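User: I am new to this structure and would like a close look at a single part of it, with the details joined into one account. Please take the empty space enclosed in the protein as the starting point, and then go on to the surroundings of the ligand.

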Amino acid sequence: MAISTINPTTAEKLKVFTPLTSAEIDKKLALAASTFTQYRQTSLSQRSEWLNQAAKILEKNKVEYARIMTTEMGKPIKSAIAEVEKCALVCRYYAEKAAEFLADVPVSTDASQSFVSYDPLGVILAVMPWNFPFWQVFRFAAPALMAGNVGILKHASNVPQSALAIEDILSQAGFPPGAFQTLLIGADRVKEIIEDDRVKAATLTGSEPAGASLASAAGKQIKKTVLELGGSDPFIVLESADLDSAVATAVTARMLNNGQSCIAAKRFILAEAIADEFTEKLITKFQALKVGDPMVEDTDIGPLATSVILTELDQQVQNSLKAGAKVPIGGKPLDRPGNFYPPTILTDIPLDSPTAKEEFFGPVALVFRVKNIDEAIELANDIPFGLGASAWTTNPQERDRLIKDIEAGAVFINGLVKSDPRLPFGGIKRSGYGRELSIQGIHEFVNIKTVWIK
Ligand code: NAP
């Protein structure tokens, strides 16, 4: 894919970037490696100061950065602003907490003194997706930089201006040149970068094929990876649930970011007793959503990020209909310029149809009915993914079973699945491995060093 900004609202190509040459990549890797030798000696309080400064820059220019994101990938402007604010939050969180998370941990042994210490690894490659162009990068960069690592970013090819803006923010904040660099390159250059001796580890957020490709290249070099991949999260509603609250959350859970979020609720698994009422309420709420120009303050749903995503989503819906699914609302692209797809609900999806187990990356809700909690859990788990799950019940026994038996990296009871700097984030099964955020996130890219002194 060419590295360019194409406005998904108008399909207008706004800017094209020339990918870095091999010599330019080499120069940036050399700078990253040499910066690391000094950067790792900086104090935690100095790194905190820089990260707090980055938070201030983010907040001061939040509208400008939000507009870059909305222009490049179409998210509604109000959620783009909220995304920039959340980046400031994660910077402040790690600026404050890193000293505690990275402190030596004394352990009593036969030594006069033994402890665990956390050393940085070096240059870390981050391969990131377009859907949360700022947040995905900051949730990697804040802990990595606090731990004393340096970062190189290969961002998605459709968000180059976001990628450059992030590099600029961290540089303006005071981080030394080379502590965080953007590499404008295509996906085909990632393998040689992870194979480069100067790069010590990598993280990728994106699709399964991209994750598998990066992890196999890294595996050959015995380099650590963290993978945050796709999901098709269940949203289970049992009979005792507070239905109005569940429906209101269901709309946000499915439509966040124009439906293009890894932790969006994608499969609505409803107990028979409430299924009709829930579905009717969901249809009414979907009908009320405003689809349109994402730069307009009260737009709920903007365009999909690229024309390819629109075509793929449309194909998935058509395949579901061919397999026997019904579509009470939506079901085909809107007849207007840009990559617009309307809020859509699919019901009666045959469980053995391929699309029943696929990730729908857009505003399409798959609705399933179950007789009881056993069927709900079985259906929720009958999927290759295991990222998040939202489950609704007021019965404590049901709640405890859902928490224990759902196969996912996170279970939220009576609430929206969301990332929070204070809680670890990540998946199991084909949704990936490793964790971001919280103490677990900062410990992914460190050498957990055992120290034993006689
Ligand atoms: P994608 O195509 O995998 O792209 C993600 C990044 O990987 C981009 O920078 C892309 O570069 C790069 N890439 C693509 N193929 C690669 C390869 N073979 N080797 C190395 N890098 C490669 O994913 P997407 O379609 O943009 O994003 C949507 C997916 O990401 C969904 O499945 C979603 O669920 C998942 N996601 C997961 C999380 C999470 O935290 N678990 C968060 C957000 C999104 P180019 O742009 O140059 O191709």
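How many cavities of 30 Å³ or more does the structure hold?

Analyst: This is a predicted model, and the structure in it holds 4 cavities of 30 Å³ or more. The largest cavity has a volume of about 90 Å³, and its lining is made up of 13 residues, with Phe140, Pro143, Gly441, Glu444 and Phe445 lying nearest its centre. Sorted by class, that lining comprises 7 nonpolar, 2 polar and 4 charged residues. Helix H5 and helix H14 (438–442) each supply at least two residues of the lining of the largest cavity, and H5 gives the most to this lining, with 4 residues.

Helix H14 also has a backbone detail that a careful reader may want to look at. Ser438, which is found in helix H14, has a phi near 60 degrees, a positive value in a residue other than glycine. A positive value in a residue other than glycine also appears at Ala11, where phi is near 70 degrees; Ala11 is found in the loop between strand S1 (4–7) and strand S2 (12–16).

Helix H5 leads on to the ligand, since helix H5 (135–146), strand S8 (199–205) and helix H8 (208–220) each supply at least two residues of the shell around the ligand. In total, 28 residues surround the ligand, and the closest are Trp130, Ser157, Ser207, Leu229 and Glu359. The residues of this shell divide into 14 nonpolar, 10 polar and 4 charged. The shell draws on two domains, with at least three residues from each of domain 1 (4–229 + 431–453) and domain 2 (233–420).

Within these surroundings, particular atoms of the ligand can be paired with particular atoms of the protein. A polar side-chain atom of Ser207 lies 2.5 Å from an oxygen atom of the ligand, and a polar backbone atom of Met128 is 2.8 Å from an oxygen atom of the ligand. At Leu229 the partner in the ligand is a nitrogen atom, which is 2.7 Å from a polar backbone atom of that residue. Taken alone, the ligand exposes 900 Å², and the protein buries 85% of that area.

To return to the part that you asked about, helix H5 links the two descriptions, supplying 4 residues to the lining of the largest cavity and at least two residues to the shell around the ligand.

Note on methods:
Residues numbered from 1 in each chain as written. Predicted model: local features only at pLDDT ≥ 70, side-chain atom pairs only at ≥ 80, totals over all residues. Heavy atoms only, no water. Near = heavy atom within 4 Å. Polar contact = N/O pair within 3.5 Å; in protein donor to acceptor, adjacent residues only side chain to side chain. Areas by Shrake-Rupley, 256 points an atom, 1.4 Å probe, with all protein chains shown as cover. Nonpolar A, V, L, I, M, F, W, Y, C, P; charged D, E, K, R; others polar. Domains from an automatic or database assignment. 1 Å grid on protein atoms, 1.4 Å probe; cavity = no way out; pocket = protein on both sides within 12 Å on 5 of 7 lines; lining within 4 Å. Points joined across faces, edges and corners; volume = space filled by probe spheres on them.
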